[in-house]
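The following exercises concern the interface between two parts of one protein chain. Please examine the sequence and the structure before reading the solutions.

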Amino acid sequence: MTISKHYQNDLIQPNGYDAKEISTGIVHIGLGAFHRAHQALYTHETIAATGEFSWGICAANILGGQDLVHELAQQDNAYTVTEMNPDGSRTVKLATAIHKSLAVEEDRRPLLEVMEQESTRIVSLTITEKGYCLNPATGQLMKDSPLIDHDLNNPEHPRSALGLIVTALARRKQAGLKPFTVMSCDNVPDNGKRAREAVIQMAEAMNPQLALWISEEVAFPCTMVDRIVPAMTPQNFAEVQERLGVEDKGAIVTEAFRQWVIEDHFTMGRPDWDQVDGARFVKDVQPYEDMKLRMLNGSHSILAYLGYLAGYETIDACMQDDNYLNVTRHYMNEEAAATLNMPEKTDLAGYAELLIERFTNPGLKHRTWQIAMDGSQKVPQRWLNSARTLLAEGKSLACIALGIAGWIRYAGAIDEQGQAIEVFDPMAVELKALADRHRNDPEAMVAAFMGLEQVIDPALAANTTFIAAVTDAYQRLLAKGARLAMAELAATL
Ligand code: NAI
Ligand code: CS2
């Protein structure tokens with residue numbers, strides 16, 4: 001018995017429709033935890049609400065995640081999402097909008113074929129920040145990265161998400177078909193614009209006429225996506241199996257909260273996602289995206305680095321430490337919210353309190369190590385825009401400075417006990433080499449990290465107030481350790 005046969009299980013909310021009716025309208029690249037808990041569940045509930053079965057999802061993994069695809073396929077791509085409610089109760093939903101899954105790391109052709117079909121009207125992405133192959137500080141396509149270099153030389157056999165999109169669009173153009181919409185759902189600032197720039201830069205390098213067609217015809221809506229979805233642990237899987245009485249290898253455990261703000265710009269239509277709770281279409285996503293990246297993700301990264309270094313394994317454990325809680329609240333209100341330009345009546349103080357409540361959820365074991373991953377890709381959008389505004393206004397950025405110091409300490413790959421840290425980052429080797437060179441000289445260490453043009457733009461790196469704040473924070477962190485450095489910072493706020 002697999003999970004897809006468990007529609008009748010009393011613990012699982014009824015499915016609402018017959019999954020066999022579904023056909024592909026969306027191709028999704030990046031079948032990870034987040035897609036299953038967010039867009040795929042929204043789409044599932046939208047299909048149930050509207051009866052529009054032609055918006056099913058064909059989801060693919062192009063790099064890694066091949067086993068997951070095979071496991072999901074064995075259970076008809078159905079899986080459960082357990083939502084941990086704030087009162088400690090759980091809601092379990094069966095999700096069946098993904099009706100096809102593809103493991104194409106070895107051979108991308110089956111995915112390209114689906115992308116070329118006329119019925120595919122949206123290609124959505126959760127490929128992590130690094131999947132866009134853009135220099136995080138400048139937004140320029142990194143043409144010398146191995147993946148992009150390969151695709152520019154082998155346009156008929158692309159391996160990157162960008163290459164696949166460009167090739168599929170080229171073939172649709174040639175066949176006289178309308179282009180699909182490209183919808184980024186990653187935590188990247190202006191994610192639609194960034195995806196557009198990346199795709200167009202790639203197309204320009206291959207065929208300028210195609211690039212022009214893409215720039216005129218293809219929609220790249222921006223989206224703000226929010227739901228905390230920690231990576232599943234063996235304990236999560238065991239608990240789901242015990243509760244449901246059936247094994248679910250695609251199971252997800254997440255929070256009850258979810259939000260999706262979508263720019264309403266689609267070339268070939270879209271599901272009415274706003275028919276279900278938490279999704280809405282707007283003209284301009286940017287304020288919401290900035291709010292989320294700076295307030296939620298920015299505090300997540302402070303907690304991830306300072307928490308990991310202090311031995312706190314999860315975000316909820318950090319929130320049990322009053323100093324961590326107070327620094328987080330101060331950062332959100334004074335160093336993030338204060339830099340935002342929001343539509344009238346947006347209650348940022350209320351948003352901050354809601355975030356703190358979400359971070360405190362004991363049912364979510366969100367590891368600081370997971371969030372600390374890919375720091376070189378995350379630092380610019382999470383902290384640096386706020387830092388620029390605070391500096392221009394002559395305001396303190398003590399929390400951001402300690403966050404950056406924490407990132408430098410962490411990326412050096414040796415913890416406070418002298419043990420190695422397993423750092424996952426596309427720049428991990430370069431960062432460790434920098435750290436090894438300057439370990440005995442904190443000022444030189446900070447200067448070296450601030451000289452990383454892929455992360456810190458040169459104008460900010462030349463700001464002496466900024467450099468002094470980070471250097472001071474780094475020296476305190478080295479001398480006192482993360483826990484005490486946070487306590488001392490909390491005492492000054
Ligand atoms: P995950 O680790 O479960 O999945 C990562 C996915 O990205 C996999 O499907 C993998 O195949 C794909 N991927 C990784 N590098 C790639 C590359 N270079 N090119 C193409 N595909 C690549 O992670 P999860 O939780 O699904 O998160 C994925 C992204 O979703 C995040 O990086 C973030 O941008 C976004 N997100 C995640 C949230 C969360 O709480 N987990 C919430 C909001 C957004
Ligand atoms: C986290 C995010 O892993 C990270 O970097 O900050 O994935 C965070 O959980 C989501 O953005 C919440 O929507």
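Three exercises with worked solutions follow, all on a predicted model.

**Exercise 1.** Determine which domains are assigned and how many residues each contributes to the contact.

*Solution.* Begin with the bounds: the domain assignment gives domain 1 as 3-282 and domain 2 as 286-492. Next, take the centres over C-alpha atoms; those of domain 1 and domain 2 are 29 Å apart. Finally, apply the contact cut-off of heavy atoms within 4.5 Å. The contact then takes 29 residues from domain 1 and 32 residues from domain 2.

**Exercise 2.** State the area that domain 1 and domain 2 bury between them, and identify the residues of domain 1 that lose the most.

*Solution.* The two domains bury about 2,500 Å² between them. Of this area, 57% lies on carbon and sulfur atoms. On the side of domain 1, the residues that lose the most area to domain 2 are Glu129, Pro136 and Ile228, which together account for 22% of what that side buries.

**Exercise 3.** Describe the polar interactions across the interface and the make-up of the side of domain 1 that touches domain 2.

*Solution.* First, count the pairs: the interface holds four salt bridges and eleven residue pairs in polar contact, both residues being at pLDDT 80 or more. Secondly, assign the elements of domain 1 that touch domain 2: helix 7 (191-206), strand 9 (223-226) and strand 10 (252-255) each supply at least two residues. Strand 9 gives the most, with four residues. Thirdly, sort this side by class: 16 residues are nonpolar, five polar and eight charged. As a further item, Asp226 forms a salt bridge with Arg358, with the closest N and O atoms 2.8 Å apart.

How values were computed
Residues are numbered from 1 along each chain as its sequence is written. Chains are lettered from A and ligands numbered from 1 in the order in which they are written. This is a predicted model: local features need pLDDT of at least 70, side-chain atom pairs count only at pLDDT 80 or more; totals for chains, interfaces and linings use all residues. Side-chain values use heavy atoms; hydrogens and water are left out. Domain bounds come from an automatic or database domain assignment. Buried area is the accessible area (1.4 Å probe) that two parts lose on being put together, summed over both. A salt bridge is a side-chain nitrogen of Lys or Arg within 4 Å of a carboxyl oxygen of Asp or Glu. A polar contact is a pair of N or O atoms within 3.5 Å; within protein, one must be able to donate a hydrogen and the other to accept it, and residues adjacent in sequence count only if both atoms are side-chain atoms. Ala, Val, Leu, Ile, Met, Phe, Trp, Tyr, Cys and Pro count as nonpolar, Asp, Glu, Lys and Arg as charged, and the others, Gly among them, as polar.
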